[in-house]
Amino acid sequence: MGAASAEPDDLGDSPAAAPGTGTPGGGPGADRGESTFTVLVAAGANLGIAVAKAVAGIISGSSAMLSEAAHSVADTVTELLLLTALRRSAHPPDEAHPLGYAAARYVWALLASVATFVGGAVFAIYDGVHTLAVGEELGNPTLSYAVLGIAFLLEGFSLRTGVRQMRGEARRARTPLRHYLRHTPDTTVKAVVMEDSAALVGLVLAAGGLTGAHLTGSPVFDGVASLLIGLLLVYVAWVLGRSNVELLLGRPLPAPVREAIHAELLAVDQVHSVLELTTLMQGPDEALAAAKVDFRDTATAAEIEWACERAERRLRERFPQIKRVYLDPTPGAGQRRREGLDPWGTRGRGEAPQAELPAAPQADVHRQEFPLAAHLMRAPLAVVVTAPWSALRQNWPAW
């Protein structure tokens, strides 16, 4: 069936994540605008923080501060990639991409996770190892403490913006916030929340390393803090990369939603059973549903066509996020058996079933080719002993 024109909403585990639960602007355009605002806030905060951390790190000589500066630079690059993801995924379908550009968001978000790993984690681990091996000359920490305090406030505001958006999406999907954070298809907001959370933890680690180094005069604390910041960024990059890879490979809708779709299809007149159901998340607010449906044997072609239309309309009304519905009328196993087809054999592999040939009458074959054997097979047991001699005398002229 054709693609649905209804505007989708966020996907959740609850089958009742129904239409009319969008953001105040209504529809995915408002959600996309909210995501863009969240990313812009994070990008602006990280850019200013990166410059301040770099200056403070150079003045204080703290490797943890320099690691945090690299962290903020990586976060800024990440936000720019996420903005590109939002812009590219908003393109409508065209002839070259008939299913749209929604998956482009995951490609750019995956590149953003790589930027987090390369730009932040690698530098932080290297700087920590270098500090532990060579040492560092500590300077005045006053500016570093001031920068850390301001950065904590800015990162906290950015995190608050991202958490507010994600909490609203989880509420509309009727899903706990922690579960929604793990399984949300909106990886751009997930990246902002995780990176800002990691930034706050990194600031605490940097402050602890800086304080320990100046109280003891040993750079070990600063080096260890830098290593911990690097490992934290490795974890964030791995989680974000794994989420985007799963969505790029193709993640189905949650099990409760699939069960609800199955029930909706069975509720349509003329539908006997649903043989196979396939769902696919194509984007944060876009999904596809395809099914092999066994219609009733008494249904006419026109009834099957209208049943498909009704099924598509029911799914689009209950799940606005499903933009495309494809139904394939397929005979069930019972009908295949009645037609003499193997429901699990060659038919399922696309091979044409071979018609069974009528069995040849064995008695006629024996009678035509082997008259003596046919005579013996029809003779009573008492005549079997004398039959060969009688048959020999009857066929002697022919031989």
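Helices are DSSP runs of H or I with at least four residues, numbered from the N terminus. The structure treated in these exercises is a predicted model.

**Exercise 1. The aromatic pair**

Determine which residues form an aromatic pair, and how the pair is classified.

*Solution.* The count of aromatic pairs comes to one. Its members are Tyr-235 and Trp-238, with 6.5 Å centre to centre and 40 degrees between the planes. Planes under 30 degrees apart count as stacked and those over 60 as edge-to-face, the rest being tilted. The pair of Tyr-235 and Trp-238 is accordingly tilted. Next, place the residues in the fold: both lie in helix α7 (residues 220–249), three residues apart, about one turn of the helix. Finally, Tyr-235 has a relative accessible area of 47% and is therefore partly exposed.

**Exercise 2. A buried salt bridge**

State which parts of the chain are linked by the pair Arg-105 and Asp-186, and decide whether these residues are buried or exposed.

*Solution.* The structure holds seven salt bridges. In one of them, Arg-105 pairs with Asp-186, and the closest N and O atoms are 3.0 Å apart. This pair links distant parts of the chain, 81 residues apart: Arg-105 belongs to helix α3 (residues 104–134), whereas Asp-186 sits in the loop between α5 (177–183) and α6 (187–216). Both Arg-105 and Asp-186 are buried.

**Exercise 3. Salt bridges involving helix α9**

Establish where Glu-264 and Arg-314 lie, and how far apart Glu-312 and Arg-316 are in helix α9.

*Solution.* Begin with Glu-264 and Arg-314, whose side chains meet in a salt bridge (3.0 Å, N to O). Glu-264 is in helix α8 (residues 255–266) and Arg-314 in helix α9 (residues 301–318), so distant parts of the chain, 50 residues apart, are linked. The relative accessible area of Glu-264 is 13%, and this residue is therefore buried; that of Arg-314 is 33%, which makes Arg-314 partly exposed. A network of salt bridges links Glu-264, Arg-314 and Arg-318.

Turn next to Glu-312 and Arg-316, which form a salt bridge at 3.4 Å, N to O. Because they are four residues apart in helix α9, about one helical turn separates them. Glu-312 is buried at 4% relative accessible area, while Arg-316 is partly exposed at 22%.

**Exercise 4. A charged surface patch**

Identify which residues gather in a patch of positive charge on the surface.

*Solution.* The patch consists of Arg-160, Arg-164, Arg-167 and Arg-171. Of these, Arg-160 is found in helix α4 (residues 142–172). Membership of a patch requires over 30% relative accessible area and no salt bridge. Arg-160 has 45% relative accessibility and therefore counts as partly exposed.

Methods
Residues numbered from 1 in each chain as written. Predicted model: local features only at pLDDT ≥ 70, side-chain atom pairs only at ≥ 80, totals over all residues. Heavy atoms only, no water. Patch = residues over 30% accessible without salt bridge, like charges linked within 9 Å, V, L, I, M, F, W, Y side chains within 5 Å. Areas by Shrake-Rupley, 256 points an atom, 1.4 Å probe, with all protein chains shown as cover. Salt bridge = Lys/Arg side-chain N within 4 Å of Asp/Glu carboxyl O. Lys, Arg positive; Asp, Glu negative; His and termini not counted. Charge placed at Lys NZ, Arg CZ, Asp CG, Glu CD. Helix = DSSP H or I, 4+ residues; strand = E, 2+ residues; numbered from the N terminus. Buried < 20%, exposed > 50% of the residue type's maximum accessible area, 1.4 Å probe, protein only. Phe/Tyr/Trp six-rings, centres within 6.5 Å; stacked < 30°, edge-to-face > 60°.
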